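Let's take a walk through this structure, beginning at one end of the chain and then stopping at a few backbone oddities. Keep the 3D view open as you read.

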Amino acid sequence: MHVALAQINPVVGDLLGNADRILQAVDKVIDTEATPPALMVTPELSLWGYPPRDLLFSSAHLQQQTEALEALCKGLASRGSAMALLVGFADAADDSLHPSLFNALALVEAGGWRVAARKQLLPSYDVFDETRYFRPSQGGAHVTLRQGGRDWRIGLTICEDLWVEDELHDRRLVGPDPVGGLIDQQIDLLINCSASPFGRRKGALRQRLAFRAAQRLRCPVVYVNQVGGNDELVFDGASFVMGSNSETPLLQLPSCVTTTATWNAEGAAQPAQSLNAGRATDHEGLNEASDELELLFRSLVTGVRDYAGKCGFGKALLGLSGGIDSALVAVIAAAALGTEQVQTLLMPSPWSSSGSITDALTLSERLGLAHFIVPIETLMEGFEKTLTPTLQAAPSGVTAENLQSRIRGTLLMAVANQQGQLLLTTGNKSELAVGYCTLYGDMNGGLAVIGDLYKSTVFALCRWLESDAAGLCRSELGLPAKGALIGTAILEKPPSAELRPDQKDSDSLPDYDRLDPLLIDLIEHRLSGDQLVAAGHDPRDVERIERLFRRAEFKRRQAAPLLKMSSQAFGSGWRLPIAAHA
């Protein structure tokens, strides 16, 4: 059985365009394979892009879906291709009950298409909300295809249908076992079409789940995942084929790259030419920690590139302070969009150190970014003069500090508006968790690039970028391959907002080596105050951080969309009330 894996980057809601992207993958396989495969597999909801959310309620889009399926049939016919396509689509139920759709797969051929499978396990945790749109299927599915003089029985599953091993993860859904339901069918191959977002160590978990399914079914598993960024979610691809005799994949596609590959069940893996340059990050030669940081960096770059591109932005702007957060965002933006498309503003106040200004300028010059210096002292004086009569005193304390941040936010928004740029905000997850950020100030922007990275992760990622291990990745993404990138001065500088003389973050918060582990237990593990103390955190830190955390919920609700990198981000999967008794 000769199978093609199409790891594509769909645009949500662009059904006809996504059909064309699938046909481009078909062309790639036809051009590179002497004997075309019998079947090409695409990701979950590949015609829609995942997640389509309330576009699934649009009758116009559902009509476009029919046109897209017909376009695929005609495209195969015009190419004289006997290859079948497995395409993710929304299948309408034959009654008037709600939800009215199934998350389904269509088997598309030159002569027509038919429903091949419907998803059985519908996730409604974290960022997923599939029960809002879909009803679950009540049974499994398989298709029979003929190739090489024999019939091949192929089992079909969709994303969550594979996640049935509760000893491997803690979110096994109530419902059937779609893998177990195929055991009696004696299938020759299992296919899983997925739209599984990036998560730390998630790639290894997917492979363990596939290996367990391969062992239970005694056949290989073909796993095809979506790639690319859609709003807050970044899909890392990393599709693979897993056999039943080893946890090492028979075929591994790269992460964060649109590509196709073919695999023969009777022979060795045969990678097809990539649609874009890139490589897998699961290669030998890097240790596990370095591998994880590289994949994290590539995922952030993918998220920025696709968020900007799919929203119609070719250029980006950010404020550069000389601190480590804005430095990392500048590097990510340069890698995502190209250095010539990224502009920075330096907005020093009387409290900005000369070192910070120098460090910001050095970073801009090292990356080749356009930069402008806009001092804010006269604007600060203007606000003070205007507000003093009303306040009957000059603005002071937090009010004065927030004014500086809001002046900078206003300047950034004005420049971005005038020049048609995407404004990137540079705050991290630690700050957003405790409210160490200013609404309508440093929180201004269209995308919070590192809003799901704790401060300690920011430091770790920057140190990796400075290491020799990052050289090849830097080169592939258009960054200088050697030499300093962030720079020692920024890496070793104590974190500071520089909103008052000699200010440091540690004046207001615990050191990040204490704060971040506490936040991880509070946010990712949902520990209570007593549980946090029992886990070894300082009771004084726990009381204070819990209070700050609760009070900052209204800020998080108004924050820019952020790129989800962790198991629990402050995005669509975070649903705490603002006005509530804790």
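A residue is called buried here if its relative accessible area is under 20%. What you are looking at is a predicted model, so keep that in mind throughout.

With that cut-off in hand, start at strand 1, which spans residues 2-7. How many of its residues are buried? Six of its six, so by the under-20% definition the strand is mostly covered. In a regular strand, side chains alternate between the two faces of the sheet. For strand 1, that gives H2, A4 and A6 on one side, with V3, L5 and Q7 on the other. Both of these faces are covered.

Now look at what sits beside this strand. Strand 14, residues 259-264, pairs with strand 1 in the antiparallel sense, over six bridges. If you want a spot to zoom in on, pick L5, whose bridge partner in strand 14 is A261. Strand 1 also pairs with strand 2 (residues 39-41), but these two run parallel and are joined by three bridges. Here V3 is the residue to click on, as it stands opposite L39. And how does the chain get from strand 1 to strand 2? Helix 1, residues 15-32, completes a β-α-β unit with the two strands, and the unit is right-handed.

Next, the backbone torsions. Most residues other than glycine have a negative phi, and most peptide bonds are trans. So exceptions to either habit are worth a visit.

Two peptide bonds to check come just before prolines. Y50 and P51 are joined by a cis bond, with omega about 0°, and P51 is in the loop between strand 2 and helix 2 (59-78). Further along, H98 and P99 are also linked by a cis peptide bond, this one with omega about -5°. P99 belongs to the loop between strand 3 (84-92) and strand 4 (101-109).

Then there is phi. D126 is not a glycine, yet its phi is positive, near 50°. You'll find D126 in the loop between strand 5 (112-118) and strand 6 (141-147). Is D126 buried or exposed? Its relative accessible area is 12%, so D126 is buried.

R526 also has a positive phi without being a glycine, at about 55°. This residue is in the loop between helix 13 (512-523) and helix 14 (529-534). Because its relative accessibility is 43%, R526 counts as partly exposed.

Notes:
Residues numbered from 1 in each chain as written. Predicted model: local features only at pLDDT ≥ 70, side-chain atom pairs only at ≥ 80, totals over all residues. Heavy atoms only, no water. Buried < 20%, exposed > 50% of the residue type's maximum accessible area, 1.4 Å probe, protein only. Helix = DSSP H or I, 4+ residues; strand = E, 2+ residues; numbered from the N terminus. Pairing = 2+ DSSP bridges. Right-handed = clockwise from strand over helix to strand, strands pointing away.
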